[in-house]
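Colleague: Could you take me through one part of this model in some detail? I'd like a close look at a single helix pairing and whatever sits around it.

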Amino acid sequence: MFKLRFRSTLSLCTLFLVFVLVLAGCGSAETANHETGSGSGQTTENNGSAGNDNASEESSDNETRIYKTAKGDITIPAHPQRIVTDYYGGEILSVGGNLIGVEPSAFENPFIKEQLKNTTDVGYPVNVEKTLELQPDLIVVMYDDNYEELSKIAPTVHIPYGTATDIYKTVELFGDLMGEKEQAEAFIADYEKKAEEGREKLKGIVDENTTVGLYELTDKGDLWTFGDNAGRGGQAVYNALKLKMPSKISNDNQTVQLSLEVLPEYAADYMFMTVYDPEKKGDALKEFKQSKVWNGLEAVKNQRFFENDFDTFYRYDPIAITAQIDLFVDLITKSAQANK
């Protein structure tokens, strides 16, 4: 009898223990399933809590995608948060990219100086050790000097010089690269508004036959002309303001070197000249302005010849191009007022 009761009691205990273990197992499975679903980026119900919002942001920040480059397909962050570049500082900033490192001359760009206050000078060629310290999640380079070494630090996108040929293609390219399509569209909308306003201000001052030329004098005395996509304000003048080139200047040849003697053949109603003189000696400019050729130009006689600051007008990133529209409009307007 005792043995029978003991067995019955033992059986009941065993059954109860199994029942508890099953319940515990079910609870663990549910918890594991919930954690796996959240961690793998699966959609979970958003109850509006701060915890859920943070989880969504974390998931978004960790997303990647395949990006086609001149070096082949690479995996990049869908929305990069820490970017190092050599010569694409203005392009990245134009679409809201968080730039943490850039080459030295960017800090001389008057249009983005303020935005570079917390940005590190990574040198040129891009210094590998400095870049490693910055811990970027994306590197973008125009020149591939240290491409292999940089690629070991973070995904590195090589975009050769001249890949994008105007502000529209440039902003679209970098908007896509940064995962910021809406920022890119907003930037272009602002640019087009600025261009339209500039054209309106010039009505009655210039007409469809008015010509504008862009030139550069170097410290060695070399003289050049520029088309619409070689910096010096070309995109602002010819594309945004839709001003006319002298007949001898063509976009087929973006840069053409001239001798001083033939400059009158390339002259325009309005002539804008940058001076490349890194040591600020001024000798080449002084000699140029003492020449009979310079003094004989109609643009000089009519106060329509302008010497433009190199750092201001050399730039050709989207931010610079947009700002240059107002600069050219102001110069032309003041010239017109002076000639009244």
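Which residues in H6 meet which residues in H13?

Modeller: Sure, but a word on the ground rules. This is a predicted model, so local features need pLDDT of at least 70 and side-chain atom pairs count only at pLDDT 80 or more, while totals for chains, interfaces and linings use all residues. Residues are numbered from 1 along each chain as its sequence is written, and side-chain values use heavy atoms, with hydrogens and water left out.

Now your question: Ile167, Thr170 and Val171 on the H6 side meet Pro318, Ile321 and Thr322 on the H13 side. Contact here means heavy atoms within 4.5 Å; helices (H or I, at least four residues) and strands (E, at least two) are DSSP runs, numbered from the N terminus. By class, that contact has four nonpolar residues, two polar and no charged ones. (Ala, Val, Leu, Ile, Met, Phe, Trp, Tyr, Cys and Pro count as nonpolar, Asp, Glu, Lys and Arg as charged, and the others, Gly among them, as polar.)

As for geometry, H6 covers residues 167-178 and H13 covers residues 318-338; they pack at an angle of about 145°, with their axes 10 Å apart. Axes are lines fitted to C-alpha atoms, for helices over the stretch in contact, and angles run from 0 to 180 degrees between N-to-C directions. H6 passes H13 in a left-handed crossing, that is, the near helix is turned anticlockwise from the far one by less than a right angle.

Zoom in on Thr170 in helix H6. Thr170 has a relative accessible area of 12%, so it is buried (under 20%; exposed is over 50% and partly exposed in between, with a 1.4 Å probe and protein chains only). Setting aside neighbours within four places in sequence, Thr170 touches Glu91, Ala164 and Pro318. Ala164 sits in the loop between strand S7 (156-158) and H6. With the same neighbours-within-four exclusion, Ala164 has contacts to Lys169, Thr170, Leu173 and Asn229. From Ala164 to Phe174 is 10 residues in sequence and 9.8 Å in space, C-alpha to C-alpha.

Each helix also lies against a sheet. H6 lies across strand S3 (83-85), strand S6 (138-141) and S7, running at about 160° to S6. Those strands belong to an open sheet of five, ordered S5-S4-S3-S6-S7, with parallel pairing; two strands pair if DSSP finds at least two bridges between them. Strand S5 (120-121) and S7 are at the edges with a single partner strand each, so one side of each has no neighbour in the sheet. S4 (residues 99-102) pairs with S5 in the parallel sense over two bridges, and Val102 has Asp121 in S5 as its bridge partner.

The other open sheet has five strands in the order S10-S9-S8-S11-S12, with mixed pairing. There S10 (255-258) and S12 (305-308) are the edge strands, each with a single partner strand, so one side of each is left without a neighbour in the sheet. The twist averages 30° from one strand to the next. S9 (residues 223-226) and S10 run antiparallel over four bridges, with Trp224 opposite Gln257 in S10. H13 packs on this sheet, touching strand S8 (212-218), strand S11 (270-276) and S12, and its direction makes about 125° with that of S11.
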